[in-house]
Amino acid sequence: MRVPNSVVLPVGTHVDCCQEQEVAEKTHDIMARITAMLAERKSNLAHFIDNLEGSEEPKFYVDQWERLKEMESCTLTILNLVPVNCTDHHDIRKLEATILKHVKNEELFPEVVRVLPPIYRQVEAAIADIAASEEMADHGMMDLQYLLSKLSQREHLASLNGELLQDILRYLHRIGLVVWYEEIKHLESTVFLQPTFLITMFKLLVRHHLVQQLESIS
């Protein structure tokens, strides 16, 4: 809800733990809850805006009013929930096919038809080479400036500068090739060239039955 005009695909896991009828009921229940949540958000925003407009000194709240109006104008598209049995490769492929179908939908993602400058593809290919090289550590973490220097050593990327690289990294972050947390101060100078390493780390820390496993340790 904090990302303007975003598209959300709800995914329901652990289908293997439910009966077929339960899956249908839970899917309907989740979508109903999401619809109610969106309606409540819209109502709350309208209420806050009305309160500011009806205050004795509305001029003091112009910034808040503008922010709320901006949030009110943002759309949030919720797609139909996809139930998945994560132990079934067929279901994983079905989820992948569903995601690809949606991201190719020009009505949902108008930018899907945007033509990228050739240097975007060149940098993408160069980063893939660096990530696959023997000198790259398993964690795939690399300093932003060091990455720029490595890329600039390539003849066809000699003119690459920091600002352009950051634009390209934002694009590569969006498509999932790299992970770059530019909004986090302590991580803004680090680029993760191996996103799968982060996934592995998160799986160790955030997982099903983690609380029970911790509580079982004496």
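How many Å separate the centres of domain 1 and domain 2? Taken over C-alpha atoms, the centres are 31 Å apart. Keep in mind that this is a predicted model.

**Stop 1: the two domains**

Colour residues 7-104 as domain 1. Give residues 118-201 a second colour for domain 2.

**Stop 2: His14**

Select His14. This residue sits in the loop between strand E2 (11-12) and helix H1 (20-53). Look at the backbone here. Most residues other than glycine have a negative phi. His14 has a positive phi, near 60°. Is His14 buried, partly exposed or exposed? His14 counts as partly exposed, because its relative accessibility is 37%, between the limits of 20% and 50%.

**Stop 3: the largest nonpolar core**

Now select Val123, Ile127, Leu147, Leu151, Leu169 and Leu193. These residues have the most contacts inside the largest nonpolar core, which has 24 residues. Show helices H4, H5 (144-152) and H6 as well. Each of H4, H5 and H6 supplies at least two residues of this core. Which helix gives the most to this core? H4 does, with seven residues.

Stay with Leu193 for a moment. Leaving aside residues up to four places away in sequence, Leu193 touches Ile127, Ile130, Ala131, Met136 and Gly140. Leu193 also touches Met142, Leu147, Leu177 and Val178.

**Stop 4: H4 against H5**

Show H4 and H5 alone. Their axes are 11 Å apart, and the helices pack at an angle of about 105°. H4 and H5 are therefore roughly perpendicular to each other. Which residues make the contact? From H4 come Val123, Ala126, Ile127 and Ile130. From H5 come Leu147, Lys150 and Leu151.

**Stop 5: H5 against H6**

Keep H5 and bring in H6. The axes of H5 and H6 come within 11 Å and cross at roughly 105°. That crossing makes H5 roughly perpendicular to H6. Turn on the side chains at this contact. H5 brings Leu144, Leu147, Leu148 and Leu151. H6 brings Gly162, Leu165, Gln166 and Leu169.

**Stop 6: the aromatic pairs**

How many aromatic pairs does a search of the whole structure find? It finds two.

Select Tyr120 and Tyr171. Their ring centres are 5.7 Å apart and their planes stand at 65°, so this pair is edge-to-face; planes over 60 degrees apart count that way. The pair links distant parts of the chain, 51 residues apart. Tyr120 is in helix H4 (residues 118-132), and Tyr171 is in helix H6 (residues 162-175). Check how covered each residue is. Tyr120 is buried, with a relative accessible area of 12%. Tyr171 is buried too, at 14%.

Move on to Tyr181 and Phe192. The ring centres of Tyr181 and Phe192 lie 6.2 Å apart, with the planes at 70°, so this pair is also edge-to-face. Where are Tyr181 and Phe192? Tyr181 lies in the loop between H6 and strand E6 (190-192), and Phe192 lies in strand E6. The pair therefore ties together parts that are eleven residues apart in sequence. Compare the accessible areas. Tyr181 is partly exposed, with a relative accessible area of 22%. Phe192 is buried, at 6%.

Notes:
Residues numbered from 1 in each chain as written. Predicted model: local features only at pLDDT ≥ 70, side-chain atom pairs only at ≥ 80, totals over all residues. Heavy atoms only, no water. Phe/Tyr/Trp six-rings, centres within 6.5 Å; stacked < 30°, edge-to-face > 60°. Helix = DSSP H or I, 4+ residues; strand = E, 2+ residues; numbered from the N terminus. Buried < 20%, exposed > 50% of the residue type's maximum accessible area, 1.4 Å probe, protein only. Domains from an automatic or database assignment. Core = buried A, V, L, I, M, F, W, Y, C linked by side-chain atoms within 4.5 Å. Contact = heavy atoms within 4.5 Å. Axes fitted to C-alpha atoms, helices over the stretch in contact; angles between N-to-C directions. Parallel < 35°, antiparallel > 145°, perpendicular 65-115°, else oblique.
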